[in-house]
Amino acid sequence: SENIRNLLRLKRFGFEPQSALAFLHSGGTLPAEALARMLPEPFDSWSREMGHSGVGEALSGLHEEGGFDALTASLEKALDDYCRDILFHARYSINAPENVLAYIWGKEMEVRNIRTVLVSKSAGSDKDAAGRMLRHGY
């Protein structure tokens with residue numbers, strides 16, 4: 001999911017696929033080279049390219065209709081929900097190594113939520129818009 005976030009940011013800045021590889025991490029279910037090849041493609045085709053992976057299913061409902069900012073917010077939420085679902089399937093298993101990652105991820109979501117509330121409060125943002133940016137923690 002981090003590579004997909006990076007890919008969207010690189011697309012916004014107009015990077016070429018060859019130079020994008022330096023910003024992508026190895027590992028994961030999708031090779032960095034395959035992700036870099038998707039960079040010049042429109043976002044709607046990304047879910048087809050990633051259709052064989054679980055993250056492709058998470059992104060299948062996203063479209064570029066609301067502009068780039070709306071797309072970014074929707075993508076962040078879809079990827080966060082995807083990570084949460086992966087990590088929390090082993091929540092009640094005592095020997096699952098995912099528990100450590102789930103705890104760290106949950107703490108990161110808590111910090112993100114606090115930051116979101118403080119920034120939106122200081123900027124006088126709409127409460128409903130800020131509420132849509134909050135994520136479930138651990």
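This is a short walk through one predicted model, from its overall layout to its helices, its cores and its aromatic pairs.

Let me begin with the fold as a whole. The protein has 8 helices and 0 strands, and read along the sequence its pattern is accordingly α-α-α-α-α-α-α-α. Of its 138 residues, 34% count as buried, and the protein exposes about 8,700 Å², of which carbon and sulfur atoms supply 56%. As for how the chain comes together, if we take the contacts between residues at least 6 apart in sequence, 47% of them join residues at least 24 apart.

I turn next to the interior. The largest nonpolar core has 20 residues, and those with the most contacts inside it are I4, L35, W46, M50 and V55. Helix α1, helix α3, which covers 32-37, and helix α6, which covers 67-88, each supply at least two residues of this core. Apart from it lies another core, this one of 6 residues, with C83, L87, F88 and W105 among them; I will come back to two of those residues when we reach the aromatic pairs.

Now to helix α1 itself. Its 12 residues should span 16 Å at 1.5 Å a residue, and the end C-alpha atoms of α1 are 17 Å apart, which agrees. The buried residues of α1 are N3, I4, R5, N6, L7, L8 and L10, and just after the helix G14 takes a positive phi of about 75°.

One member of that list deserves a pause, namely R5, which lies in helix α1, residues 2-13. Why does R5 count as buried? Its relative accessibility is 7%, and the cut-off for buried is under 20%, so R5 falls within that class. Which residues, then, is R5 in contact with, once its neighbours within four places in sequence are left aside? They are E76, L79 and D80. Towards the end of the same helix, the charged end of R12 sits over the ring of F13, 5.1 Å from the centre of that ring.

Helix α7, residues 98-123, can be checked in the same manner: its 26 residues should span 38 Å at 1.5 Å a residue, and its end C-alpha atoms are 36 Å apart, which agrees. The buried residues of α7 are N99, A102, W105, G106, M109, N113, T116 and S120. In general, an α-helix has 3.6 residues a turn, so residues three or four places apart point the same way. After α7 comes G124, whose phi is positive, near 70°.

Finally, the aromatic pairs, of which the structure holds 2. F15 and F23 form an edge-to-face pair, with 5.3 Å centre to centre and 85° between the planes. F15, at 30% relative accessibility, counts as partly exposed, and F23, at 42%, likewise counts as partly exposed. In the other pair, the rings of F88 and W105 have their centres 5.9 Å apart and their planes at 70°, so this pair is edge-to-face too. It links distant parts of the chain, with F88 in helix α6 and W105 in helix α7, 17 residues apart. Are these two residues buried or exposed? F88 counts as buried at 16% relative accessibility, and W105 counts as buried at 10%. These are the two residues I set aside earlier, F88 and W105, both among the members of the core of 6 residues.

Terms used: Residues numbered from 1 in each chain as written. Predicted model: local features only at pLDDT ≥ 70, side-chain atom pairs only at ≥ 80, totals over all residues. Heavy atoms only, no water. Helix = DSSP H or I, 4+ residues; strand = E, 2+ residues; numbered from the N terminus. Buried < 20%, exposed > 50% of the residue type's maximum accessible area, 1.4 Å probe, protein only. Contact = heavy atoms within 4.5 Å. Core = buried A, V, L, I, M, F, W, Y, C linked by side-chain atoms within 4.5 Å. Areas by Shrake-Rupley, 256 points an atom, 1.4 Å probe, with all protein chains shown as cover. Expected span 1.5 Å × (residues − 1). Phe/Tyr/Trp six-rings, centres within 6.5 Å; stacked < 30°, edge-to-face > 60°. Lys NZ or Arg CZ within 6 Å of the ring centre and 35° of its normal.
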